[in-house]
Structures are given as C-alpha cells and as structure tokens.
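Subject: Structure handover

Hello,

Here is the structure I promised to pass on. My notes follow it.

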Amino acid sequence: MKSWRTRIGVGLAVGVAAVAVPLTSTTAFAAAPPGAGWVPVGAEAYPSKAACEASELPNAHANGYNEVWCDDSERIMPIYYR
C-alpha cells in the first residue's frame, strides 16, 4: 500500500498536468494572419489573389517593403506588406 505522502504527490502532479496541458495547447494570435513581420496596409476587392499581389507590389516597393500578401479568404481582400 502506498503512503499518503506518495498519493498526495501523485495527485498534485496529475492536477497540475490537467491544468497545464489545455493552457499550453491553445493557438497564438500574436502576429498578423500571414505570419510575423507583416504590416496591414488596407483592403480592396480584386478578381484574384495573384491580381491583388501583382497590383500592390509597386506600392509596396514605393513604401520600402519587399513583399505583398493578400488574404483571399474574403471578397474585399486585406492587404499586408513586409
């Protein structure tokens, strides 16, 4: 038979694990949708993601950015520069 000290220790370890696992398994929302370093610059309607990115690339270069990412999950696409 196990001692009460062992049972309490095991119970506390199981309790801590039961709380820690759900808290550490959530998704992080620290960065913009495409990832770290992207700056939201606006939104506009385009016929396709490729058309959006091709049209916005000169604007990105003019403002000191190198990349464009358009979120095509919405009709009016949010636009990000990096």
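Where does helix 2 bend, and by about how many degrees? The bend is at E56 and comes to about 35°. A proline, P58, follows within four residues. Please keep in mind that this is a predicted model.

Helix 2

The helix covers residues 49-62, 14 residues in total. At 1.5 Å a residue it should span 20 Å. Its end C-alpha atoms are 20 Å apart, so the expected and modelled spans agree. Three residues of helix 2 are buried: C52, E56 and A60. E56 is thus both a buried residue and the site of the bend. The buried residues pack against three strands: strand 1 (39-45), strand 2 (68-70) and strand 3 (76-81). Just after the helix, G64 has a positive phi of about 90°.

Core

Which residues make up the largest nonpolar core? There are eight: Y46, C52, A60, V68, C70, M77, I79 and Y81. Helix 2, strand 2 and strand 3 each give two or more residues to this core. Strand 3 gives the largest share, with three residues. As background, nonpolar side chains tend to be buried together in soluble globular proteins.

Y46 is a core member with a list of contacts worth noting. Leaving out residues up to four places away in sequence, Y46 touches A51, C52, S55, E56, R75, M77 and I79. Of these, C52, M77 and I79 also belong to the core. E56, at the helix bend, is on the contact list of Y46 too.

Aromatic pairs

How many aromatic pairs does a search of the whole structure find? It finds two.

One is Y65 with Y81. The pair is tilted, at 5.6 Å centre to centre and 50° between the planes. Y65 sits in the loop between helix 2 and strand 2, and Y81 in strand 3, so the pair ties together parts 16 residues apart in sequence. Y65 is partly exposed, at 27% relative accessible area. Y81 is buried, at 4%.

The other is W69 with Y80. The ring centres are 5.6 Å apart and the planes are at 45°, so this pair is tilted as well. W69 lies in strand 2 and Y80 in strand 3, so the pair links parts eleven residues apart in sequence. W69 is partly exposed, at 23% relative accessibility. Y80 is buried, with a relative accessible area of 9%.

Best wishes

How values were computed
Residues numbered from 1 in each chain as written. Predicted model: local features only at pLDDT ≥ 70, side-chain atom pairs only at ≥ 80, totals over all residues. Heavy atoms only, no water. Expected span 1.5 Å × (residues − 1). Bend = angle between axes of the 7 residues up to and from the residue. Buried < 20%, exposed > 50% of the residue type's maximum accessible area, 1.4 Å probe, protein only. Contact = heavy atoms within 4.5 Å. Core = buried A, V, L, I, M, F, W, Y, C linked by side-chain atoms within 4.5 Å. Phe/Tyr/Trp six-rings, centres within 6.5 Å; stacked < 30°, edge-to-face > 60°.
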